[in-house]
Amino acid sequence: MAHWHAFAKLRLHTDDTINLFKNLTVALGVEVRKFAKSTCHAFSTHELPREASARIRREAKLKASGKGKLGGTGGPHPKTFNLNTYKMHALGDYPSSIQRFGTLESYSTEAVRPGLPP
């Protein structure tokens with residue numbers, strides 16, 4: 001992951017670095033899936049105390065408005081590593097995006113508001 005991150009943060013890419021980045025992305029995908037399949041099952045993980053208290057507050061607010069479920073436990077819920085997130089899915093698009101649009105600091109996705117100076 002550290003190598004992948006280093007390639008993602010490079011400010012100047014060549015065809016060779018893009019090809020290395022693509023190969024590294026494939027290898028990272030294999031390793032992450034292997035991690036999810038074997039290592040994750042060996043550990044019992046739960047919500048952090050702040051995550052549990054935030055969830056309890058949300059549930060209480062919903063219950064007070066009449067939209068929430070009744071019951072539930074106040075303790076930390078089990079958490080598992082989830083490969084089915086946009087963040088994990090988007091990792092594979094980084095090399096081609098850099099090749100197509102340039103490195104991340106060379107453009108902005110910020111919306112331009114009319115009437116404001118550039």
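Biologist: What volume does the largest pocket have?

Modeller: Let's start with the general idea. Rolling a probe the size of a water molecule over the atoms shows where empty space is left. Keep in mind that this is a predicted model. In it, the largest pocket comes out at about 280 Å³.

Biologist: Which residues lie nearest the centre of the largest pocket?

Modeller: Look for Gly29, Arg33, Met88, Leu91 and Gly92. They belong to a lining of 14 residues.

Biologist: And which helix gives the most to that lining?

Modeller: That's α2, with seven residues. Helices α2, α4 (86-90) and α5 each supply at least two.

Biologist: Okay, on to helices. Which residues of α1 are buried?

Modeller: General idea again: an α-helix has 3.6 residues a turn, so residues three or four places apart point the same way. Now find α1, residues 2-9: its buried residues are Trp4, Phe7 and Ala8. They span an arc of only 100° around the axis, so they sit on the same side of α1.

Biologist: What does the face turned away from the buried side carry?

Modeller: There you'll see Ala2, His3 and Lys9, which are exposed.

Biologist: What do the buried residues of α1 pack against?

Modeller: Two other helices: α2 (15-39) and α5 (94-101).

Biologist: Which residues make up the largest nonpolar core?

Modeller: The general idea comes first. In soluble globular proteins, nonpolar side chains tend to be buried together. Here, the largest nonpolar core has nine residues: Trp4, Phe7, Ala8, Ile18, Phe21, Leu28, Val32, Leu91 and Ile98. Helices α1 and α2 each supply at least two of them, and α2 gives the most, with four.

Biologist: Let me zoom in on Trp4. What does Trp4 touch?

Modeller: Leaving out residues up to four places away in sequence, Trp4 touches Phe21, Leu24, Thr25, Leu28, Leu91 and Tyr94. So you can click on Trp4 and pick out those partners around it.

Biologist: Thr25 is on that list. Is Thr25 buried or exposed?

Modeller: Buried means under 20% relative accessible area. Thr25, which is found in helix α2, has 11%, so Thr25 counts as buried.

Biologist: Which side chain makes a polar contact with the side chain of Thr25?

Modeller: That of Trp4, at 3.0 Å. With residues up to four places away in sequence left out, Thr25 touches Trp4, Leu91, Gly92 and Pro95. Two of those names may ring a bell: Leu91 and Gly92 came up at the pocket too, among the residues nearest its centre.

How values were computed
Residues are numbered from 1 along each chain as its sequence is written. This is a predicted model: local features need pLDDT of at least 70, side-chain atom pairs count only at pLDDT 80 or more; totals for chains, interfaces and linings use all residues. Side-chain values use heavy atoms; hydrogens and water are left out. Buried means under 20% relative accessible area, exposed over 50%, partly exposed in between (1.4 Å probe, protein chains only). The arc is that of the directions from the helix axis to the C-beta atoms. Contact means heavy atoms within 4.5 Å. A polar contact is a pair of N or O atoms within 3.5 Å; within protein, one must be able to donate a hydrogen and the other to accept it, and residues adjacent in sequence count only if both atoms are side-chain atoms. A nonpolar core is a set of buried Ala, Val, Leu, Ile, Met, Phe, Trp, Tyr and Cys residues joined through side-chain atoms within 4.5 Å. On a 1 Å grid over the protein atoms alone, a cavity is a set of points where a 1.4 Å probe fits but cannot get out, and a pocket is an open set with protein on both sides within 12 Å along at least five of seven lines; lining residues have an atom within 4 Å of a point. Grid points are joined across faces, edges and corners, and a volume is the space filled by probe spheres set on the points.
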